[in-house]
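I opened the model to look up a few local features and wrote down what I found. The entries follow the order in which I looked.

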Amino acid sequence: MTTSPMLDIDHLRSWIGREDIGTDLVTEDLARKYHATLDLPGEAPRQGETVPRLIHFCLAQPAAPTARLGPDGHPQRGGFLPPVPLPRRMWAGGAFVFHGDLRVGDEARRISRIEDVALKRGRTGVLCFVTVRHRVEAGGWLVVEERQDIVYRDLDPPGGTAKAPPAAEQGVHQRPMKAEAPLLFRYSALTFNGHRIHYDRRYVTEIEGYPGLIVHGPMQAALLCNYAGELRGTPPARFSFRGLSPLFDDDAFALHAIETADGLKLWTAKQTGPLCMIAEAAWS
């Protein structure tokens, strides 16, 4: 059963080329709260010091009035992003090239552009993929190039039972983790993310049909990127990630990593469970 109207792909593709620009200040307060939220080692960065990679997810985020949020907590559709009429929206993956570092005190400028809108068919029906390119600059210099992959899809059919994927392999490097509700709430606040699947248990279980609060994909990516930097002693020059299965707030999970010819392969996985996210980090 589908709950969605027909998609007018030509109309949705008319969003290709649209741009959005935002600016924000990398404050010492943001660096302190980000450091505390992710339990990063050492002291939080001070004025003029380098901040962690992927902290730019917290910067220059759209600030739609509360009255203009949709029922899922996202801004109503049809602004910068195309108005895809599918009920579930997820950050499916992304890729980054780091040309430098942001520092406390920098004024960051984000330039975002819709690069592509495409339809595919998956297990649950029609999928709509929106690709966004972001450039983050500071002091007139390019710091980060990012490709963001967003997927829209229908709700799972009632009574459907997907085949359970096999348990993930164990990494040579491992770090046990727990992503409970306070962590999800704090990360949502830092990124100004109103998506209710991350903090509203009644909504996520009764409306979207998940068994618990969903751990943010970008936060998993940030944990893996920071873990890669800790293992190598320096942050990667390139990083990419892709979500494979949802991770919930009551799941014990771990960060995993193994060495590759180009750098590190990393992933998150539930204990004795499947892969949740895979990532690659490279230093050249």
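**Strands E4 and E5.** I looked first at how E4 and E5 pair, and found them antiparallel over 12 bridges. Strands pair here if DSSP finds at least two bridges between them. Helices (H or I, at least four residues) and strands (E, at least two) are DSSP runs, numbered from the N terminus. One bridge I noted sets Arg135 opposite Glu145 in E5. The hairpin of E4 and E5 has 2 residues between the strands, and in it Gly139 takes a positive phi near 60°. I then checked burial along E4 (residues 125–138): 10 of its 14 residues are buried, so the strand is largely enclosed by the rest of the structure. Buried means under 20% relative accessible area, exposed over 50%, and partly exposed in between, with a 1.4 Å probe and protein chains only.

**Source of the model.** This is a predicted model, in which local features need pLDDT of at least 70 and side-chain atom pairs count only at pLDDT 80 or more, while totals for chains, interfaces and linings use all residues. Residues are numbered from 1 along each chain as its sequence is written, and side-chain values use heavy atoms, with hydrogens and water left out.

**Strand E2.** Which strands pair with E2? I found E2 (residues 88–98) antiparallel to E5 (residues 141–153) over 10 bridges. E2 also pairs with E7 (residues 238–243), again in the antiparallel sense, over 5 bridges. On the E5 side, Phe98 has Val144 as its bridge partner. On the E7 side, Gly93 stands opposite Arg242.

**Gly93.** I stayed with this residue, which is in strand E2. Gly93 has a relative accessible area of 2% and is therefore buried. Leaving out residues up to four places away in sequence, I listed its contacts as Arg147, Gln148, Asp149, Phe241 and Arg242; contact means heavy atoms within 4.5 Å. I also checked Gly93 against Arg32, 61 residues apart along the chain, and their C-alpha atoms are separated by 26 Å.

**Aromatic rings.** I counted 6 aromatic pairs in the structure. The rings of Phe96 and Phe98 have centres 6.1 Å apart and planes at 10°, so I entered the pair as stacked. Rings of Phe, Tyr and Trp (its six-membered ring) pair if their centres lie within 6.5 Å; planes under 30 degrees apart count as stacked, over 60 as edge-to-face and the rest as tilted. Phe96 is buried at 2% relative accessibility, and Phe98 is buried at 9%. Ring pairs link Phe57, Trp91, Phe96, Phe98, Phe239 and Phe241 into a cluster.

**Charges over rings.** I looked up two cases. The charged end of Arg18 sits over the ring of Trp15, 4.0 Å from its centre. Lys120 lies over the face of Phe129, at 5.1 Å from the ring centre. A charge counts as over a ring if NZ of Lys or CZ of Arg is within 6 Å of the ring centre and within 35 degrees of the ring normal.

**His35.** Is His35 buried or exposed? At 11% relative accessibility, His35 counts as buried. His35 is in helix H2 (residues 28–37). Its side chain reaches the backbone oxygen of Gly42 at 3.2 Å. I scored this as a polar contact, a pair of N or O atoms within 3.5 Å; within protein, one must be able to donate a hydrogen and the other to accept it, and residues adjacent in sequence count only if both atoms are side-chain atoms. With residues up to four places away in sequence not counted, His35 touches Leu40, Pro41, Gly42, Glu43, Ala44 and Pro45.

**Positive phi.** Most residues other than glycine have a negative phi. I noted Asp39, not a glycine, with a positive phi of about 55°, and Leu54, with phi near 75°. Asp39 lies in the loop between H2 and E2, and Leu54 lies in the loop between H2 and E2 as well. Asp39 is exposed at 67% relative accessible area, whereas Leu54 is buried at 1%.

**Cysteines.** How many disulfides does the structure hold? I found 0 disulfides, a disulfide being a pair of cysteine sulfur atoms within 2.5 Å. The sulfur of Cys58 is 13 Å from the closest cysteine sulfur, in Cys225, which is too far for a bond. Cys276 is in no disulfide either, and the nearest cysteine sulfur, that of Cys225, is 18 Å away. Cys58 is buried at 8% relative accessible area, and Cys276 is buried at 2%.
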